[in-house]
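Please open the model in a viewer and keep the sequence panel visible. The tour below proceeds by selection, with a short account of what each selection contains.

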Amino acid sequence: MAQTKTQIQALLLLLLLGLWVAEVPVSAKPKHMTSAQWFETQHVQPSPERCNTAMESINKYTKHCKYFNTFLHDSFSNVATTCQTPTITCKNGREICHQSQEPVFLTQCEHVSGRYPDCKYKEKNLDAFFIVASDPPQQKDYLENELVPVHLDNVI
């Protein structure tokens with residue numbers, strides 16, 4: 001009985017230690033990219049690809065299967081023009097979001113099975129408006145725009 005109690009305690013300790021291990025958040029921006037570049041990598045896809053293929057390039061940065069992602073099938077410059085629309089409130093309460101003037105064709109990818117690197121996704125295609133959070137471009141962005149998209153806040 002004492003050995004079983006010791007084994008249970010060791011198992012609980014391992015479980016607690018596992019919970020304390022810091023992991024890189026799935027949405028963490030790679031150090032070599034600006035926020036706008038990471039937004040473009042994650043969400044802008046002018047030519048639609050199947051989710052299983054498209055998500056490989058995102059998941060390789062974090063070494064995780066990202067649970068959910070939306071691809072806007074338009075050019076980055078067209079998506080960036082959304083930042084010129086009137087400011088609205090983001091989900092987090094900040095006043096830096098902007099809604100697209102027109103719906104765009106987009107694909108939503110939801111992780112359904114597998115572990116990195118064999119992540120499997122189901123996809124849903126639709127035409128919808130999107131909301132982006134925008135910030136001034138960083139020096140490495142090489143853009144003339146006053147604001148650039150840095151976060152996909154919502155699809156409506």
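Begin with K63, which sits in the loop that links helix 3 (51-62) to strand 1. In this predicted model, K63 adopts a positive phi of about 60 degrees, although K63 is not a glycine. Most residues other than glycine have a negative phi, and most peptide bonds are trans.

The second part of that statement leads to the next selection, Y116 and P117. A cis peptide bond connects Y116 to P117, with omega at about 10 degrees. P117 belongs to the loop between strand 4 and strand 5 (120-128).

Now display the whole chain as a cartoon. The protein contains 4 helices and 7 strands, and their order along the sequence is α-α-α-β-α-β-β-β-β-β-β. Among contacts with a separation of 6 or more, 62% join residues that are 24 or more positions apart. Switch to a surface: the exposed area is about 10000 Å², of which carbon and sulfur atoms provide 55%. Of the 156 residues, 34% count as buried.

To enter the interior, select F39, L72, F76, V79, F130, V132 and L152. These residues have the most contacts inside the largest nonpolar core, a set of 15 residues. At least two core residues come from each of helix 2 (35-43), helix 4 (76-80), strand 4 (104-113), strand 6 (130-135) and strand 7 (148-155). Which element gives the most to this core? Helix 4 does, with 3 residues.

Centre the view on L152. Not counting residues up to four places away in sequence, L152 touches F39, H43, T70, L72, F130, I131 and V132. A second core, separate from the one just visited, has 11 residues, including M33, W38, M55 and Y121.

Keep L152 selected and turn to the largest pocket, which holds about 370 Å³ of space. Its lining consists of 19 residues, and those closest to the pocket centre are Q42, H43, K66, H151 and L152. Helix 2, strand 1 (68-72) and strand 7 each give two or more residues to the lining. Strand 7 contributes the largest share, 6 residues. Colouring the lining by class shows 6 nonpolar, 9 polar and 4 charged residues.

Next, select S134 in strand 6. Is S134 buried or exposed? S134 counts as buried because its relative accessibility is 3%, under the 20% limit. Display the residues around S134: leaving aside neighbours within four places in sequence, its contacts are C83, I96, H98, L147, V148, P149 and V150.

Finish at T34, in the loop between helix 1 (2-20) and helix 2. T34 has a relative accessibility of 3% and therefore counts as buried. Beyond its neighbours within four places in sequence, which residues are in contact with T34? They are K29, Q138, K140 and D141.

For a last view, show S134 and T34 together: S134 lies in strand 6, whereas T34 lies in a loop. S134 counts as buried at 3% relative accessibility, and T34 likewise counts as buried at 3%.

Key:
Residues numbered from 1 in each chain as written. Predicted model: local features only at pLDDT ≥ 70, side-chain atom pairs only at ≥ 80, totals over all residues. Heavy atoms only, no water. Core = buried A, V, L, I, M, F, W, Y, C linked by side-chain atoms within 4.5 Å. Buried < 20%, exposed > 50% of the residue type's maximum accessible area, 1.4 Å probe, protein only. Contact = heavy atoms within 4.5 Å. Areas by Shrake-Rupley, 256 points an atom, 1.4 Å probe, with all protein chains shown as cover. 1 Å grid on protein atoms, 1.4 Å probe; cavity = no way out; pocket = protein on both sides within 12 Å on 5 of 7 lines; lining within 4 Å. Points joined across faces, edges and corners; volume = space filled by probe spheres on them. Nonpolar A, V, L, I, M, F, W, Y, C, P; charged D, E, K, R; others polar.
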